[in-house]
Amino acid sequence: MKNRLCNTLFILFTFILFAQEKSEEKELPEGEIFTSTQTVTINGKTITLNTQTWTVQLRDENDKPIALFGFTYYKKSNSSKNRPIVFAFNGGPLSASFWLHFGVLGPKRIDINDPNYTKPAPYQVVNNEFSILDKADLVMIDPIGVGFSKPIGDAKWEDFWGVDQDIRSIGLFIEQFIIRSEKYNAPKYLLGESYGTFRNAGLVKHLQDKGVAMNGVIMVSAVFELQHLLFGPGDDISYLVHFPTYAATAWYHNKVKDKGENLESFLQTVRNFTENEYAPALLKGDQLSTSERETIAQKLADLSGLSQGYWLKADLRVTNSEYFQELLRDKALTVGRLDSRFTGINEDLLSQSAFTDPQSDAISAPYISAFKDYLYNDLNVRKDLSYTTTAGSRKGFKWDWNHSGNIAWNAQVAVSTLPDMTSAMKRNPNLKILILNGYFDIATVFYGVEYSINHMGLDAELKKNIIMKYYEAGHMMYTHKPSMEKFKKDVDEFIDHTSN
């Protein structure tokens with residue numbers, strides 16, 4: 001009798017726990033879909049788009065819900081399931097995707113007063129004739145922490161905030177999206193900007209290992225080896241890879257003695273100097289003689305717009321923030337980090353480093369305000385939902401820089417996803433990479449990308465799968481209309497070439 005009672009109580013207790021678990025599962029938010037119909041006119045043809053702005057439950061590898069994942073999906077009306085699809089995101093970490101969305105990829109774009117400050121509202125939003133939506137369907141992704149994306153259930157922010165955590169969650173989303181949208185047999189692309197390119201290099205291998213091979217990866221303002229941006233102690237590579245962009249900036253602002261025939265020919269001279277004279281000089285360190293040091297300093301001055309004396313005081317090594325502040329100090333101006341064509345008022349003429357980024361100051365408010373107006377009014381998102389543009393605004397935001405593809409002891413200092421991209425290309429020799437570089441981008445410098453690619457160890461035939469394009473603009477080259485036109489042409493050709 002006693003055993004029977006115990007068994008009954010055990011079954012009842014188990015049933016209650018099961019019911020509670022089920023109840024908790026039911027209480028997890030399911031996400032919400034906001035639908036609309038958008039149109040875009042490209043090359044005189046109007047395309048109708050079935051649009052979904054929403055969040056869906058993201059499931060882990062065991063189908064347990066872990067997040068609400070937000071995105072906007074543009075699908076051409078009555079199109080084939082095999083129409084190409086592009087998964088796009090910005091960088092940060094961790095930024096929402098509105099920059100690419102409203103700058104160059106979506107059906108509408110904001111008109112910016114490039115390279116000057118855009119006046120306050122009302123802003124001009126126009127049809128985006130440079131959108132890629134005539135070539136492919138488009139998914140604008142907002143990773144966990146930005147947009148409407150957030151953890152649910154037992155998951156926490158830190159489960160998504162890190163190099164590998166970010167790759168895993170976006171990989172899960174793409175896999176699950178492909179199933180829902182029946183796009184498994186469609187040509188597929190990743191498109192990322194800035195940190196989004198660093199993410200891309202890891203994500204393409206991650207997805208490929210799971211059986212989802214990309215036709216192509218599009219890198220906008222790329223960086224694969226973050227240590228090259230940091231000017232760490234004893235790291236001369238950072239100074240070397242930044243110098244050609246300093247020279248390009250000086251060329252633009254008419255601060256060089258000989259501009260050559262054009263920017264490209266001038267920069268080839270700069271590359272030759274960097275590789276054959278500047279690099280050996282830095283390698284010598286304090287073994288460089290006084291006369292050699294003065295000769296190199298003068299050549300650096302001639303190409304960069306900074307004085308010989310400044311280069312000598314800097315021991316031939318100038319950080320990017322020092323360069324922003326020094327180049328136009330005589331005019332009480334500082335130049336932009338994201339786009340050095342932009343200039344702003346120098347807030348402290350005695351400061352060694354710049355306080356602000358003029359390009360960011362010039363375009364952030366227009367982009368954010370105009371996009372949110374489009375989001376809540378055109379895309380029909382509920383107005384009581386907050387769209388987060390950057391995870392930096394969230395309390396406790398901290399990024400985990402460890403990456404499983406790096407050696408553990410140096411992961412914090414030398415984090416890189418270049419080995420991931422190298423492995424992905426060697427295991428899938430049909431994979432193509434398109435890299436779009438802004439000459440005036442001092443955030444992710446073009447020569448740093450060239451350096452990384454030249455150290456991947458690819459044979460000549462496989463290296464042809466990496467296509468480099470250059471723009472006379474900055475990090476967000478699409479704020480510059482001639483570069484926006486070229487962006488459209490370059491991406492169209494890449495999709496056409498790789499989707500057949």
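Start by selecting the second largest pocket, where about 260 Å³ of space lies. Keep in mind as you go that this is a predicted model. Of the 16 residues lining this pocket, colour Thr 55, Leu 68, Phe 148, Lys 150 and Leu 385, which lie nearest its centre. The lining as a whole is made up of six nonpolar, six polar and four charged residues.

Keep Phe 148 on screen, and now add the second largest cavity, because Phe 148 also counts among its lining residues by the 4 Å cut-off. This cavity holds about 50 Å³ of space. Its other neighbours include Thr 53, Phe 71, His 101, Asp 142, Phe 371 and Tyr 387. To see which elements contribute, show β3 (65–76), β7 (137–142) and α10, each of which gives two or more residues to the lining. By class, the walls consist of six nonpolar, four polar and one charged residues.

Leave α10 displayed and move to the largest pocket, with a volume of about 680 Å³. It has 36 lining residues, and the closest to its centre are Gly 91, Gly 92, Ser 194, Arg 337 and His 475. Which element gives the most to this lining? It is α10, with five residues. Select residues 358–377 to see α10 in full, then add α2 (98–105), since each of these helices supplies at least two lining residues under the helix assignment used here. Colouring the lining by class gives 18 nonpolar, 15 polar and three charged residues.

Next, pick out helix α4, residues 195–209. From its first C-alpha to its last, this 15-residue helix reaches 22 Å, close to the 21 Å expected at 1.5 Å a residue. Look along α4 and stop at Ala 201, where the helix bends by about 25°. Is α4 mostly covered or mostly uncovered? Mostly covered: 13 of its 15 residues are buried. Just beyond the helix comes Gly 211, with a positive phi near 90°.

For the last stop, turn to the enclosed spaces. How many cavities of 30 Å³ or more does a search of the whole structure find? There are three. The largest cavity has a volume of about 70 Å³. To frame it, select Ala 222, Val 223, Phe 224, Glu 225, His 228 and Leu 229, then add Thr 444, Val 445, Gly 448, Val 449 and Ser 452. Together these lining residues divide into six nonpolar, four polar and one charged.

Definitions and conventions
Residues numbered from 1 in each chain as written. Predicted model: local features only at pLDDT ≥ 70, side-chain atom pairs only at ≥ 80, totals over all residues. Heavy atoms only, no water. Helix = DSSP H or I, 4+ residues; strand = E, 2+ residues; numbered from the N terminus. Expected span 1.5 Å × (residues − 1). Bend = angle between axes of the 7 residues up to and from the residue. Buried < 20%, exposed > 50% of the residue type's maximum accessible area, 1.4 Å probe, protein only. 1 Å grid on protein atoms, 1.4 Å probe; cavity = no way out; pocket = protein on both sides within 12 Å on 5 of 7 lines; lining within 4 Å. Points joined across faces, edges and corners; volume = space filled by probe spheres on them. Nonpolar A, V, L, I, M, F, W, Y, C, P; charged D, E, K, R; others polar.
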